[in-house]
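Colleague: Could you walk me through this model before I go back to the bench? I have some quick questions.

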Amino acid sequence: MGLPWIGETLDFYRAQQANRLFEDFVQPRIARDGKVFKTRLMGSPTVIVSGAEANRFFLSNEFKLLMGKNSIMGKHGEQHRHIHGLIASSFGSSSAESLVPKLSKLVQRHLHAYWSGQERINLYEFTKNLTFHIVFECLLGIDVEPGMPEIFERILEGVFMPAVMIPGTKFSRAMKARKEIESLFVRIVRKKKEELEREILEGGEGGNKEEEAVLLLRYVVAMLRGEMTEEEVIDNMVLMVFGAQDTTSFAIAMTFRMLARHPHCYQLLLKEHMDLKSRKREGEDINGEDIKKMSYTWKVARETLRLFPPIFGSFREAIVDIEYEGFTIPKGWKVLWTTYGTHFDPEHFPDPTSFDPDRFDEAKPPYVYMPFGGGPRVCAGSQLARMNILVLVHHVVTRYDWSPIHPDEPVTSDPLPFPVHGMPIRISPKRSVD
Ligand code: HEM
């Protein structure tokens, strides 16, 4: 359990910062103590569990045994299911496809604005800004106003700072930024509510076909039905940005890194996109059907997410004593499941440290491949992340030649992983296109 109170927190943080949580913290303890071991992190006694069976047990039994700590607004049971359903159903297969043209236009607009005439791009920062716009414009259905990304950045800077309300500290600036966002969102939500009420009064059903997938509308409908409060709607909108931005940006940065390191895979991927493009008429854009044809690219992205999961795992809390594999996990203890427990297990992924997209030709058993988590709290935005990755890769590789400036750029975490230099790449327009 390590030292009193602090336990093994410092070792944990050091390993996490170096992006070596598995190698330096989890693996040596598994080797010594087995796949279920205890430690103390940030004052809390914690059990770290590994393996598909543990993932299934701890992620699917949540409502009976465990509570998610950083949940959607800390909601549980029925209320959590409702909000999760609202978000995830924005990407039911038909809605997901209908988002592609809008997403594709947005990606091209950003490439035009930020890549044209440039020789060097900071890929991580670019995708962060792009994802911000995608969440607002494609998911929520809100236009990004000037200054909004910066306000969110300020909130993020304060999230893991000590809660000190002294003017000038990162935390107090973050709190101020949070208030600014709240008043902005209140204005947007109330305007939408008024529009919808007016439409309903005029005999409409509230919300036209085109807007079906747009989450803001779904939230406001839920508000009108008394299923969500205004505060819940706004907090969930804020959460959406944080859930999406750093995760997707890291996934995209690492996908490009893996492509640069594996030229053979890059050639196969490039062919997939060039073939797709060659079947299009001049100026014709990609659509939802085309996404399904990017199967090799999705294997590359999945393999990247296996090796570089943006979220390495997450904490749950035992709300009753739990019996698991002959151990008792006492009520109040934390349970940490990690992707590493299965992602690096040779039983499921032979030669686990090697990069092999074709390993996804075979379906994996449940609770083995876990970059998006599992159970009721599985990532609500995984479909959006998938489209974001595929559409961006398509437009980049069909228009640009590119190469990383620091092929071995280290990855650090704060607390989510990112490439230390923001993954600068050298770019030049492909001569045959544009
Ligand atoms: C590659 C990109 C992404 C990765 C790797 C990722 C990963 C995850 C993981 C592992 C969880 C589960 C955490 C837990 O078990 O406690 C999660 C939850 C969540 N994610 Fe994502 N995510 C990504 C993108 C997104 C995007 C684009 C959105 C939104 C637009 C999003 C919204 C959410 C939300 C709302 C939850 C909470 C679900 C719930 O508690 O019911 N994520 N994500």
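Modeller: Gladly, and one glycine makes a good start: Gly332 counts as exposed because 12 other C-beta atoms lie within 10 Å. By definition, a residue with 12 or fewer other C-beta atoms within 10 Å of its own is exposed, one with 20 or more is buried, and one in between is partly exposed, the C-beta atoms being placed from the backbone.

Colleague: And how is the model numbered, and what kind of model is it?

Modeller: Residues are numbered from 1 along each chain as its sequence is written. The model is predicted, so local features need pLDDT of at least 70 and side-chain atom pairs count only at pLDDT 80 or more, while totals for chains, interfaces and linings use all residues.

Colleague: Where is Gly332 found?

Modeller: Gly332 is in the loop between strand E7 (327-329) and strand E8 (334-338); helices (H or I, at least four residues) and strands (E, at least two) are DSSP runs numbered from the N terminus. Pro45 is 287 residues away from Gly332 in sequence, yet their C-alpha atoms are 8.3 Å apart.

Colleague: How many helices and strands does the chain have?

Modeller: There are 16 helices and 12 strands, and 36% of the 434 residues in the chain are buried.

Colleague: Switching to the ligand, which residues are closest?

Modeller: The ligand is surrounded by 26 residues, the closest being Gly243, Ala244, Gly373, Cys379 and Gly381, where a residue is near if its C-beta atom, placed from the backbone, lies within 6 Å. Two or more residues of that shell come from each of helix H5 (77-89), helix H7 (123-140), helix H11 (230-261) and H16.

Colleague: Which one gives the most?

Modeller: That is H11, with seven residues.

Colleague: Is H16 mostly covered or open?

Modeller: H16 is mostly covered, with 15 of its 18 residues buried. Its 18 residues (382-399) should span 26 Å at 1.5 Å a residue, and the end C-alpha atoms are 26 Å apart, which agrees; the expected span is 1.5 Å times one less than the number of residues.

Colleague: How do H9 and H11 cross?

Modeller: The axes of H9 (residues 170-201) and H11 come within 10 Å and cross at roughly 115°, with axes fitted to C-alpha atoms over the stretch in contact and angles running from 0 to 180 degrees between N-to-C directions. Their contact (C-beta atoms, placed from the backbone, within 7 Å) includes Phe185 of H9 and Met237 of H11.

Notes
Two residues are in contact if their C-beta atoms, placed from the backbone, lie within 7 Å.
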